[in-house]
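Here are my notes after a first pass through this one. I've kept them as short numbered points so you can follow along in the viewer.

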Amino acid sequence: MQVFKFGGASVKDAEGVVNLGRIISSHRNNTLLIVVSAMGKTTNLLEELTIAYTKQQDDPFALLQQTKQYHDDIMHALFADDNHPVFNEVANRFVEIEWILEEYPADPFDYLYDQIVSIGELVSTTIVSHYLNEIGVKSKWLDAREYIVTDNTHREAHVDWAATEIRIRSAIPDILEKQLVVTQGFIGSTTENFTTTLGREGSDYSAAIFAACLGAESVTIWKDVPGVLNADPKWFDETLLIPELSYLDAIELTYYGATVIHPKTIKPLQNKDITLYVKSFVDIENGGTQIRGTNGSLPVPSFIFKVNQVLVSILPKDFSFIVEDNLSDIFSRFHLHKIKVNMMHNSAVSFSVSIDDTGDNVLALLDDLRARYDVAHQRGLELITIRYYNQQTIDRVLVDKEIIMELKDSCTCQLLVRKLQG
Ligand SMILES: Nc1ncnc2c1ncn2[C@@H]1O[C@H](COP(=O)(O)OP(=O)(O)O)[C@@H](O)[C@H]1O
Ligand SMILES: N[C@@H](CC(=O)OP(=O)(O)O)C(=O)O
């Protein structure tokens, strides 16, 4: 059996859903489980709505109305009959958000976020599943929360693999024998049945979880790009398709920030030797990228850009060295503020890191660190990572840039840079 994953970009409008139907129809003879994300930018909208609601600012109901209208337009373009059950089912999903909004936001933000934002995936899969049935592809909608068991770390839940595998294996193979399955990416549930989410862009990871538990032959992620390129085409004009990648190279690229695949996706597939294909949903005949346990692939230089970086330099106040107890204290503070380190460098008396400038939590971290250390920071930087670098590739990215911090090993070069003025 195979797992297909369709992200928000692939189902951002009715045409996208029709295209998904075309892709599925052309794989009619395969046993398929399909994982679908929320449509277009729905997750961002619902995130905004959750913030408006919890801060009791702006108008969360207006944002809800906007989200409903967007899905309504897509449904009307797909279903000719206004009485089709899909309209009611989707309306009922949105009522769940209305009920939350009518109450005072007494629960923690991360918990409320998961209850609201998860509706995006529940709605998109309802529409996709009904559409497939409408075009004669018999499909069964499954609630991923009944299969993906997590802890209660809301917004970044950890999967309980043993419990998840038991639930998936005990029910889904029988269903797949009869029909295709459509389920949600990104969401799971605690054993107490509270909805959780797996972290932004987590639907790729969901596809890997289902595939690993079912022992799938392969996973195919359908994207708006021809496959994994040697750079994000949003940043680079001349990109190259990488036809074949090893699991290790794919893990490294996603670890350093290549957003084409969620970083947690590869490992479960590698563990079970499941091939991952990244293919274009626009040009479906194109081969795309194949990721598997090969070591024969050519090392193509790849570039990863992260803008909006802050360099934080930390020095012990008493001029003691940066040794294990200081480092452990510093890392626990990053963990507490949920801040991921993109690059780090330490000398005897200072420790420097580059992190995403995510606003309030960075300011809170800086305040926290200042209680024990001397702290300096620089904003507005860019982090460039080159895998399989050479001098030519470094020169290429350094035009009009000044290096602030640099790290190299035999395969990877990281450059934290500032744009030169004028
Ligand atoms: N190395 C890369 N190769 C291809 N695409 C990349 C790469 N790095 C970043 N991207 C970006 O990833 C995007 C696809 O991912 P995403 O927008 O998250 O899709 P989806 O919503 O379907 O999951 C592309 O449009 C591209 O801008
Ligand atoms: N909808 C979620 C999960 C996801 O993976 O989406 P996408 O596949 O569109 O990146 C998000 O936007 O974070």
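1. Layout first. Two domains are assigned in the protein: domain 1 covers 2-216 and domain 2 covers 302-419. Measuring between C-alpha centres puts domain 1 and domain 2 36 Å apart. Keep in mind that this is a predicted model.

2. Ligand 1. There are 17 residues around ligand 1, and the ones that come nearest are Gly7, Ala9, Leu229, Asp232 and Val260. Sorted by class, the shell around ligand 1 holds eight nonpolar, four polar and five charged residues.

3. Ligand 2. Which residues are around ligand 2? You'll find Gly7, Gly8, Ser37, Ala38, Thr43, Gly120, Gly185, Phe186, Arg200, Glu201, Gly202 and Ser203 there. The class split for this shell is two nonpolar, eight polar and two charged residues. Gly7 is worth a click, as it is listed around ligand 2 and also among the residues that come nearest to ligand 1.

4. Helices α1 and α6. Helix α1 is residues 14-25 and helix α6 is residues 119-134; their axes come within 10 Å and cross at roughly 55 degrees. That angle falls in neither the parallel, the antiparallel nor the perpendicular range, so α1 and α6 count as oblique to each other. The crossing is right-handed. On the α1 side the contact uses Val17, Leu20, Gly21 and Ile24, and these meet Ile127, Val128, Tyr131 and Leu132 in α6. By class, this contact of α1 with α6 has seven nonpolar residues, one polar and no charged ones.

5. Helices α4 and α6. Helix α4 (residues 85-102) also pairs with α6: the axes come within 10 Å and cross at roughly 175 degrees. Since angles over 145 degrees count as roughly antiparallel, α4 and α6 are therefore roughly antiparallel to each other. From α4 the contact takes Val86, Glu89, Val90, Arg93, Phe94, Glu96 and Ile97, and from α6 it takes Ile119, Leu122, Val123, Thr126, Ile127 and His130. Its class make-up is eight nonpolar, two polar and three charged residues. Ile127 of α6 turns up in this contact and in the one with α1.

6. Helices α7 and α8. How are these two oriented, and which residues hold the contact? Helix α7 (residues 161-178) and helix α8 (residues 203-214) pack at an angle of about 70 degrees, and their axes are 9 Å apart. The two are therefore roughly perpendicular to each other. Thr164, Glu165, Ile168, Arg169, Ile172 and Pro173 of α7 make the contact with Ile209, Phe210, Cys213 and Leu214 of α8. By class, the contact has seven nonpolar, one polar and two charged residues.

Technical notes. Residues numbered from 1 in each chain as written. Chains lettered and ligands numbered in written order. Predicted model: local features only at pLDDT ≥ 70, side-chain atom pairs only at ≥ 80, totals over all residues. Near = placed C-beta within 6 Å. Nonpolar A, V, L, I, M, F, W, Y, C, P; charged D, E, K, R; others polar. Domains from an automatic or database assignment. Axes fitted to C-alpha atoms, helices over the stretch in contact; angles between N-to-C directions. Helix = DSSP H or I, 4+ residues; strand = E, 2+ residues; numbered from the N terminus. Parallel < 35°, antiparallel > 145°, perpendicular 65-115°, else oblique. Left-handed = near helix turned anticlockwise from the far one by under 90°. Contact = placed C-beta atoms within 7 Å.
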